[in-house]
Amino acid sequence: MISRWQEPGGYREVLRMAAPLILSTGSWSLQIFVDRVFLSWHSRDALAACLPAGMLHFTFSSLFIGTVAYVNTFVAQYWGADRRDRVGPAVWQGIYVGLASGLIILCLIPFSRSFFEWAGHEPRIRALEAEYFRILCFMGPGITGVAVSSFFSGRGDTRTVMWVNFLANGLNIVLDYAWIFGHWGFPEWGIRGAAWATVVSHLLIPVVFFALMMRPRYRDTLCTLSGWRPEAALLRRLLRFGLPNGVQFMLEILGFSMFILLVGRLGTTALAATSVTFNINTLAFLPMMGMGIAVSTLVGQYLGKNRADLAERSTWSAVHLSLAYMLVMAAGYVFAPGLFLTPYISGADPEAFEQVWDMTVVLLRFVAVYCIFDALYIVFSAGVKGAGDTRFVMLTSVALGWFVMVLPTYLLVVIYSMGLYIAWVFVSLYLVTGGLIFMLRFRGGKWKSMRVIESPETARTRAIGPAVNDNANDGSGQSGPRKNGDEASPDSIEPSQPRGV
């Protein structure tokens, strides 16, 4: 362990990359935690309504967020390959996808009530859910912030990402307090105020990132201004690799949304307990998302340098660090659940929250079991996605989410009227199985020969015109004729064999 601290791909390098991202995503978990605590002080109905509505909105947005977020891998591989002039154009393609995505999200506003009428929740909860969802749709254009933040995270400048997210999350917490309870001249809007606070803070992110990206030193060396033109080939490649990432992200979130909507059929208390449990789980889950971004970045950069050995070592170092963190959190969930639950009850009605408390204590034991495997799920899936293996991750996550979690929950809760705890057994089984499968996929090593960026020879061919004999390098250090044009396609990124799932 001592030698691994100093080595390339060791603990120090991983922590240097991951720590700002962990703090950044951790600040998001803190912001969500505080948001839910404030709503629990305002009313139990608002607490019960915010999670299903927020999850449903995030489900629709996640398709586009996951697609645009894959700009990070393009930036990382271009940076690792010392192709500085391609960084700006890659980010701009993500910006265009983000703008189009925001317009699509805005089109969901007229359907706000219809979504929650189908869910069958109590009428007063349904009205709050529809209002919360409708307001959140206005932050759709903020998806562009995912692309612009990738300009920094993909190059390893994770501190800038951290400080911008600190700014946005701090603003969100302040606006939550003001708008939910009506302080400092703001109206007392309850759940509506929480939604508008989220919208305002999220729209601030792309503005700040874009201003930072347009500084002269980046315009001159990384083409952040001159690379604004749409590039059909690069855009197609982003969609080819990013869209499976977005589909996987969306269907995974949709699976959890369906689970929460099904739990809502068990009553407001069960729904509130599930909301609180998932909210507490974000304290473990969201920081690991920062670790996942760091792993994807390091894998992409080292593959850009054709150093798959260091990419592999970086991933295993991240696994060791993630497991250590998750073990600490699991111990807290089992032996000190009151530490996490006390903030909820401090401003709420003790009698109304008593049943929620008792249920949540039991549910946190489920979280303690599966969060260990959740670390494997996040880190190993991020490792293979950092290489370009997005299709396998998509198919595996979708199959597990729906056939291991959603469908069994529907049968047991809706058809056979079984209780809340049996539904949580299948959430745990989903994450345990996924963590083991992605570990096996990573150890199989197919990802080592994958790349998402075009070869330098291909770029030169586009610049000067087609060559007589295009034996383009595929980005993995091996050369050979391309059969599918000069783009890196899912069937051509592995030089030795067809990709396959």
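Q: Which description of their relative direction fits α3 and α7?
A: In general, two packed helices are described by the angle between their axes and by the distance between those axes. This is a predicted model, in which local features need pLDDT of at least 70 and side-chain atom pairs count only at pLDDT 80 or more, while totals for chains, interfaces and linings use all residues. Residues are numbered from 1 along each chain as its sequence is written, and side-chain values use heavy atoms, leaving out hydrogens and water. Here α3 and helix α7 (residues 123–136) pack at an angle of about 40°, with their axes 8 Å apart; the axes are lines fitted to C-alpha atoms, for helices over the stretch in contact, and the angles run from 0 to 180 degrees between N-to-C directions. The two helices α3 and α7 are therefore oblique to each other (under 35 degrees counts as roughly parallel, over 145 as roughly antiparallel, 65 to 115 as roughly perpendicular, and the rest as oblique).

Q: What is the handedness of the crossing of α3 and α7, and which residues of α3 and α7 meet?
A: The α3 and α7 crossing is right-handed, where right-handed means that the near helix is turned clockwise from the far one by less than a right angle, and left-handed means anticlockwise. On the α3 side, the residues that meet α7 include Asp 45, Ala 49, Pro 52, Leu 56, His 57 and Phe 60, and their partners in α7 include Arg 124, Leu 128, Glu 129, Tyr 132 and Phe 133; contact means heavy atoms within 4.5 Å. By class, this contact of α3 with α7 has 13 nonpolar, two polar and three charged residues (Ala, Val, Leu, Ile, Met, Phe, Trp, Tyr, Cys and Pro count as nonpolar, Asp, Glu, Lys and Arg as charged, and the others, Gly among them, as polar).

Q: At what angle do α5 and α12 pack?
A: Helix α5 (residues 87–106) and helix α12 (residues 232–263) pack at about 65°, with their axes 10 Å apart, and α5 and α12 are therefore roughly perpendicular to each other. As α5 passes α12, the crossing is right-handed. Pro 89, Ala 90, Gln 93, Gly 94 and Val 97 of α5 meet four residues named Leu in α12 that carry the numbers 234, 235, 238 and 239, and by class this α5 and α12 contact holds seven nonpolar, two polar and no charged residues.

Q: How many helices and strands are there in the protein?
A: The protein has 19 helices and zero strands, counted as DSSP runs numbered from the N terminus, with helices being H or I of at least four residues and strands being E of at least two. Among contacts between residues at least 6 apart in sequence, 82% join residues at least 24 apart.

Q: What share of the residues is buried, and which residues of α8 are buried?
A: Of the 501 residues in the protein, 58% are buried, where buried means under 20% relative accessible area, exposed means over 50%, and partly exposed lies in between (1.4 Å probe, protein chains only). In helix α8 (residues 144–153), nine of the ten residues are buried, so α8 is largely enclosed by the rest of the structure; among them are Thr 144, Gly 145, Val 148, Phe 151 and Phe 152. Ser 61, in helix α3 (residues 44–69), also counts as buried, because its relative accessibility is 4%, and beyond its neighbours within four places in sequence Ser 61 is in contact with Ile 105 and Ile 143.

Q: Where does Arg 313 lie, and with which residues is Arg 313 in contact?
A: Arg 313 is part of helix α14 (residues 308–335) and counts as partly exposed at 25% relative accessibility. Leaving aside neighbours within four places in sequence, Arg 313 is in contact with Arg 4, Glu 7, Pro 8 and Gly 9, and its C-alpha atom is 9.9 Å from that of Val 14, although 299 residues separate the two along the chain. Arg 12, in helix α2 (residues 11–42), is 305 residues from Ser 317 in sequence and 9.1 Å from Ser 317 in space, C-alpha to C-alpha.

Q: What is the phi of Asp 82, and what is the phi of Asn 306?
A: Most residues other than glycine have a negative phi. Asp 82, in the loop between α4 (71–80) and α5, has a positive phi of about 60° although it is not a glycine, and it counts as exposed at 53% relative accessibility. Asn 306, in the loop between α13 (268–304) and α14, likewise has a positive phi, near 60°, and is partly exposed with a relative accessible area of 40%.
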